[in-house]
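Hello,

Here is the structure I said I would pass on. Please open it first and keep it beside you while you read the notes below.

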Amino acid sequence: VQQVEKTLPVMNRDQFIAFTRYDHDLSYIRSGGSLSDPLSSRPSGMSYPESWLHPETLPDVNWQKEVFQMVPIQSYQLSASGGGEIGNFLLSGSYMKQEGILKYTDYQRGTFRLNTTINVGQHLKLGMNIAPSFSTSHNPDDNGYASVEHFAANVPPIVALNSNTEEWGYTPSALSYTNPLEKLKETKQIG
């Protein structure tokens with residue numbers, strides 16, 4: 001079984017809203033505003049949605065828990081060999097299937113090998129080796145700031161599982177974040 005060793009500590013919904021509200025409120029007070037002013041009268045960088053006044057109505061998603069999974073690895077090998085006065089052979093094959101620790105990712109590999117030796121004469125041997133293999137994978141190609149792992153650690157917990165997609169629309173306070181789970185699903189469909 002394979003699993004992610006460690007995830008990054010992230011804020012839950014209540015911590016995220018408290019931190020962001022504090023930051024926006026402090027900025028507004030420093031600019032000369034008052035906390036008694038309605039949210040709608042504040043500049044956009046110092047405001048927040050009315051729903052943040054009632055966080056219990058919002059989702060609380062730990063995106064790392066949503067994209068990572070514990071998965072099995074399957075591996076099989078088979079070989080046969082033999083020989084005699086005419087020559088000898090070795091035949092082997094293997095298959096490995098590994099589901100990814102990121103949902104909707106995987107890797108498969110198959111190999112085959114045939115080694116033969118024929119004794120043509122007392123001092124002459126002919127041999128042949130064939131070793132084809134194949135592999136397929138469904139893995140996101142991006143790294144760094146565009147990676148699924150980056151988004152899973154940075155998407156605010158108030159973004160619902162079916163949000164931040166073209167189909168379901170975007171959470172107003174998290175427009176710049178792509179839904180990491182949907183990104184992984186797209187990887188599987190394209191691959």
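The model is predicted. I will begin with one residue, I118, which is partly exposed, with a relative accessible area of 47%. This value lies in the range between buried, under 20%, and exposed, over 50%, so "partly exposed" is the right label for I118. I118 sits in strand β3, which covers residues 106–119.

I118 also belongs to a nonpolar patch on the surface. The other members are I86, V120, L124 and L126, and together the five have about 510 Å² of accessible area. As a general point, nonpolar side chains in soluble globular proteins tend to be buried together. The patch is on the surface; the buried groups come further down.

Next, the strands. Which strands does β3 pair with?

- Strand β2 (residues 87–99) runs antiparallel to β3, and 13 bridges join the two. Within this pair, S92 has R113 of β3 as its bridge partner. β2 and β3 form a hairpin with six residues between the strands, and in that hairpin Y104 takes a positive phi near 65°.
- Strand β4 (residues 125–130) pairs with β3 in the antiparallel sense over six bridges. These two strands also form a hairpin, with five residues between them. Here I118 stands opposite L126, and both residues are part of the surface patch.
- Strand β5 (residues 133–138) is also antiparallel to β3, with six bridges between them. In this pairing Q108 stands opposite T136 of β5.

When you look along β3, remember that in a regular strand the side chains alternate between the two faces of the sheet.

Now the buried part. The largest nonpolar core has twelve residues: V61, W63, V67, F68, L102, V148, F151, A152, V155, V159, L181 and L184. Helices α2 (63–67), α3 (148–154) and α4 (180–190) are the elements that give two or more residues to this core. The most come from α3, which gives three.

F68, one of these core residues, is a useful place to look at contacts. Leaving aside its neighbours within four places in sequence, F68 is in contact with V4, T7, I101, L102, K103 and E149. Of those partners, L102 is listed in the core as well.

Apart from the largest core lies another core, of seven residues. Its members include F16, I17, L39 and W52.

To find your way around, I would start at I118 in β3, go across to L126 in β4, and then turn to F68 in the largest core.

Regards

Key: Residues numbered from 1 in each chain as written. Predicted model: local features only at pLDDT ≥ 70, side-chain atom pairs only at ≥ 80, totals over all residues. Heavy atoms only, no water. Patch = residues over 30% accessible without salt bridge, like charges linked within 9 Å, V, L, I, M, F, W, Y side chains within 5 Å. Areas by Shrake-Rupley, 256 points an atom, 1.4 Å probe, with all protein chains shown as cover. Salt bridge = Lys/Arg side-chain N within 4 Å of Asp/Glu carboxyl O. Helix = DSSP H or I, 4+ residues; strand = E, 2+ residues; numbered from the N terminus. Buried < 20%, exposed > 50% of the residue type's maximum accessible area, 1.4 Å probe, protein only. Pairing = 2+ DSSP bridges. Core = buried A, V, L, I, M, F, W, Y, C linked by side-chain atoms within 4.5 Å. Contact = heavy atoms within 4.5 Å.
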